[in-house]
Amino acid sequence: LALRFQRRFLAARPLRSLPWPELEQSLRTAPDSALLADILHKTILHPLCVKYPPSAKYRRCFLTELIKKLESTAAEPLDELYEALAGVLKEEEESTHCYKNYLLPSGECVSLCESTALISGGTTGLLTWEAALHLAQWALQNPGLFRDRTILELGSGIGFTGIAICKTCQPRTFIFSDCHPRVLRQLRENIQLNGFVPEPDVTWSTQTESQGQEVEGQNCQNPKVIVAELDWGSVTEKQLLGLRADVVIAADVVYDPEIILALIGMLQKLSTSRADRKAPEVFIASTIRNPDTYQLFQAELDKAGIRWQVIPAHSSCNFLYDVQPDVTILQLFI
């Protein structure tokens with residue numbers, strides 16, 4: 001039970017999704033403050049939380065709820081709980097950024113600095129969206145698709161999916177891409193926070209040449225990581241050819257009709273940019289917030305002559321206990 005609290009708490013999942021009912025049940029059966037001490041040590045006092053804390057408000061609400069549960073039972077009071085709350089209350093005013101730590105099934109952890117606002121600096125890219133979690137989980141269950149290959153991620157945002165793939169699927173090269181300067185800055189920081197060193201800023205032309213002579217069989221424990229500013233509207237076929245992507249992935253990029261057309265235009269450039277070898281495999285994960293937008297995406301794919309199929313949902317949910325069921329992954333054949 002403490003581990004279930006830990007996974008969700010470190011990733012700052014909504015508090016209502018934590019297993020409170022089970023905790024109440026346990027405390028009713030055996031009112032013991034040791035269980036709460038265990039939860040406290042696996043959450044608030046966990047080294048990851050100390051180093052990369054979720055927002056102060058989140059930690060405050062979590063501790064308040066734990067204390068409420070303790071006080072509603074006959075268990076011994078737990079000084080540590082009150083001390084932890086006092087510590088959080090003493091902190092300076094809420095920062096605009098907080099951390100989320102996602103524990104992967106492999107035992108690895110992805111730590112991300114996120115913006116606390118939903119739309120920040122004119123972009124939604126400074127948060128990790130549900131589809132990114134879903135896509136990462138699917139990738140972790142299909143590592144062979146990524147191993148020793150060059151992966152291009154479109155609309156990487158702050159990097160969760162790509163970092164998870166780099167840590168667990170052993171790609172040869174991973175190209176993170178986005179078009180918003182603030183997102184790219186945060187993305188770069190998060191990549192470094194997780195122990196990867198992005199290549200120095202590569203301009204398109206030099207990157208194209210140097211990647212062509214890449215040494216085969218490079219050690220894939222440490223993939224080559226590139227952060228590229230990629231504007232779907234203005235990128236050329238030649239630039240895309242230079243990336244030599246074997247697999248293209250994207251999460252939550254289909255949320256606006258204008259963006260859909262730019263994305264499809266970009267996929268068409270990708271398909272024609274591979275004269276010498278077969279077109280890349282493409283996987284796009286979407287949270288269906290607006291069915292009309294999603295149907296428009298499918299209709300535009302049909303119009304562009306791009307075949308698609310739905311990848312069946314995976315059953316075991318490893319690190320997303322409250323993932324929304326309306327996330328779909330499409331494989332596109334370009």
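**Close-up views of helix packing and an aromatic pair**

**View A. Helix H2 (residues 20-29) packs against H3, their axes coming within 9 Å and crossing at roughly 150°.** This is a predicted model, as are the views that follow. On the H2 side, the contact is made by Leu23, Ser26 and Leu27, and on the H3 side by Leu35, Leu36 and Ile39. Sorted by class, the contact of H2 with H3 has 5 nonpolar residues, 1 polar residue and no charged residues.

**View B. H1 also meets helix H3 (residues 33-42), at an angle of about 30° and with the two axes 9 Å apart.** Angles under 35 degrees count as roughly parallel, and H1 and H3 are therefore roughly parallel to each other. Here H1 passes H3 in a right-handed crossing. If you would like to pick out the side chains, look for Ala2, Leu3, Phe5 and Gln6 in H1, which meet Asp38, Ile39 and Lys42 in H3. By class, this contact of H1 with H3 has 4 nonpolar, 1 polar and 2 charged residues. Ile39 of H3 may look familiar from View A, where Ile39 takes part in the contact with H2.

**View C. Helix H1 (residues 2-10) and helix H5 (residues 56-71) cross at roughly 155°, and their axes come within 12 Å.** Angles over 145 degrees count as roughly antiparallel, so H1 and H5 are roughly antiparallel to each other. The crossing of H1 and H5 is right-handed. H1 brings Phe5, Arg8 and Phe9 to the contact, while H5 brings Tyr58, Arg59 and Phe62. By class, the contact of H1 with H5 has 4 nonpolar and 2 charged residues, with no polar ones. Phe5 of H1 is worth a second look: Phe5 is listed in this contact with H5 and also in the contact with H3.

**View D. Tyrosine 102 and phenylalanine 160 form a tilted aromatic pair.** A search of the whole structure finds 10 aromatic pairs. In the pair shown, the rings lie 4.6 Å apart centre to centre, with 55° between their planes. The pair links distant parts of the chain, 58 residues apart: tyrosine 102 belongs to strand S1 (residues 97-103) and phenylalanine 160 to helix H8 (residues 160-168).

**View E. Confidence in the model, with a closer look at residues 205-219.** The mean pLDDT of the protein is 86, and 84% of its residues reach 70 or more. Over residues 205-219, however, the pLDDT is below 50. Beyond near neighbours in sequence, this stretch has 20 contacts in the model.

Conventions: Residues are numbered from 1 along each chain as its sequence is written. This is a predicted model: local features need pLDDT of at least 70, side-chain atom pairs count only at pLDDT 80 or more; totals for chains, interfaces and linings use all residues. Side-chain values use heavy atoms; hydrogens and water are left out. pLDDT is the predictor's confidence in each residue, from 0 to 100. Contact means heavy atoms within 4.5 Å. Axes are lines fitted to C-alpha atoms, for helices over the stretch in contact, and angles run from 0 to 180 degrees between N-to-C directions. Helices (H or I, at least four residues) and strands (E, at least two) are DSSP runs, numbered from the N terminus. Angles under 35 degrees count as roughly parallel, over 145 as roughly antiparallel, 65 to 115 as roughly perpendicular and the rest as oblique. A crossing is left-handed if the near helix is turned anticlockwise from the far one by less than a right angle, and right-handed if clockwise. Ala, Val, Leu, Ile, Met, Phe, Trp, Tyr, Cys and Pro count as nonpolar, Asp, Glu, Lys and Arg as charged, and the others, Gly among them, as polar. Rings of Phe, Tyr and Trp (its six-membered ring) pair if their centres lie within 6.5 Å; planes under 30 degrees apart count as stacked, over 60 as edge-to-face and the rest as tilted.
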